[in-house]
Amino acid sequence: MDRSATVVRKSEETDIAVKIDLDGHDNIHINTGVPFFDHILGHFARRAGFDLTIDVQCLNFVDPHHVVEDCGVIIGQAIGRALRDRREIRRNATAFVPVDDALVMAVVDINGRPWLSFDVPPGSSDGQLAVGYDLVEEFLRAITIRVNLNIHIRLIHGKNPHHCLEGIMKAAGQALGEAMTEKRQGLVGI
Ligand SMILES: [Mn+2]
């Protein structure tokens, strides 16, 4: 079954075109205009096993906030469409992902009830990164609402903000991809 979707969305700030295939082959082309977000979004898609092409035209660049939030909305819409009736998927998955000093847990249930629980330890700092914890939280919240699912994120430990944010996106992607895997995939012949 084809599980791909294309979505185009224009707002006052951005004009975004997204193409996604949930059963990907490492075809990832990301250009959001925010280099660090390109970097962690690439990790998210790769861990999920998605093919993802996203091109963002900034019509009125205010700050990375609009770009990241709008990307979450449109990628969430595309995933929702690509999932079709979502009956034959595993639905639940948990991922623990280390990135050097950082360790992140992500738990996903595709249950038709949007909820994001996003917990990073108090005092976690974003350093000088253009995209911090608040924006990654906004991105994942948009995914939970548009795809209608439940994600819990725990930053178990980690000091380097780049590693922590990368770990969050990798863990979220890995758990999402596994939860969206078709039930019988890998069981043929057993
Ligand atoms: Mn990195």
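This report describes helix H1, the strands around it, the two domains and several single residues in a predicted model.

## Helix H1

Helix H1 covers residues 35-48, a run of 14 residues. From its first C-alpha to its last, the helix reaches 20 Å, which is close to the 20 Å expected at 1.5 Å a residue. Directly after H1 comes Gly 49, a residue with a positive phi near 80 degrees.

Most of H1 is covered, with 10 of its 14 residues buried. Among the buried residues are three phenylalanines, Phe 36, Phe 37 and Phe 44. The buried set also includes Asp 38, Ile 40, Leu 41 and Gly 42, and it is completed by His 43, Ala 45 and Ala 48. These residues pack against two strands, S3 (28-31) and S4 (51-58). They also pack against three helices, namely H2 (64-82), H3 (133-147) and H4 (161-179).

## His 43 within the helix

His 43 is one of the residues of helix H1. Its relative accessible area is 17%, and because buried means under 20%, His 43 counts as buried. When residues up to four places away in sequence are not counted, His 43 touches Glu 166 and Lys 170.

## The strands beside H1

Strand S4 pairs with two strands, and the sense of the pairing must be given for each. Strand S2 (residues 14-21) pairs with S4 in the antiparallel sense, over eight bridges. Within the pairing of these strands, Asp 15 stands opposite Gln 57 in S4.

Strand S3, by contrast, pairs with S4 in the parallel sense, over four bridges. Here Ile 30 stands opposite Ile 54 in S4. The chain passes from S3 through H1 to S4, forming a β-α-β crossover that is left-handed.

## Two domains and their contact

The protein is divided into domain 1, residues 4-82, and domain 2, residues 92-179. Their C-alpha centres lie 17 Å apart. Each side gives 23 residues to the contact: 23 from domain 1 and 23 from domain 2.

The size of an interface is often expressed as the accessible area that is lost when the parts come together. Between them, domain 1 and domain 2 bury about 2100 Å², and 78% of this area is on carbon and sulfur atoms. Phe 36, Phe 44 and Arg 47 supply 33% of the area that domain 1 buries against domain 2, which is more than any other three residues supply.

## Residues in the loops

Glu 88 lies in the loop between H2 and strand S5 (92-99). Although Glu 88 and Thr 181 are 93 residues apart in sequence, their C-alpha atoms are 8.4 Å apart in space. Leaving aside neighbours within four places in sequence, Glu 88 is in contact with Thr 181, Glu 182 and Lys 183.

Two aspartates in loops have a positive phi although they are not glycine. Asp 26, in the loop between S2 and S3, has a phi near 65 degrees. Asp 100, in the loop between S5 and strand S6 (102-109), has a phi near 55 degrees. Since exposed means over 50% relative accessible area, Asp 26 is exposed because its value is 52%. Asp 100 likewise counts as exposed, because its relative accessibility is 68%.

Terms used
Residues numbered from 1 in each chain as written. Predicted model: local features only at pLDDT ≥ 70, side-chain atom pairs only at ≥ 80, totals over all residues. Heavy atoms only, no water. Expected span 1.5 Å × (residues − 1). Buried < 20%, exposed > 50% of the residue type's maximum accessible area, 1.4 Å probe, protein only. Contact = heavy atoms within 4.5 Å. Pairing = 2+ DSSP bridges. Right-handed = clockwise from strand over helix to strand, strands pointing away. Domains from an automatic or database assignment. Buried area = accessible area lost by both parts, 1.4 Å probe.
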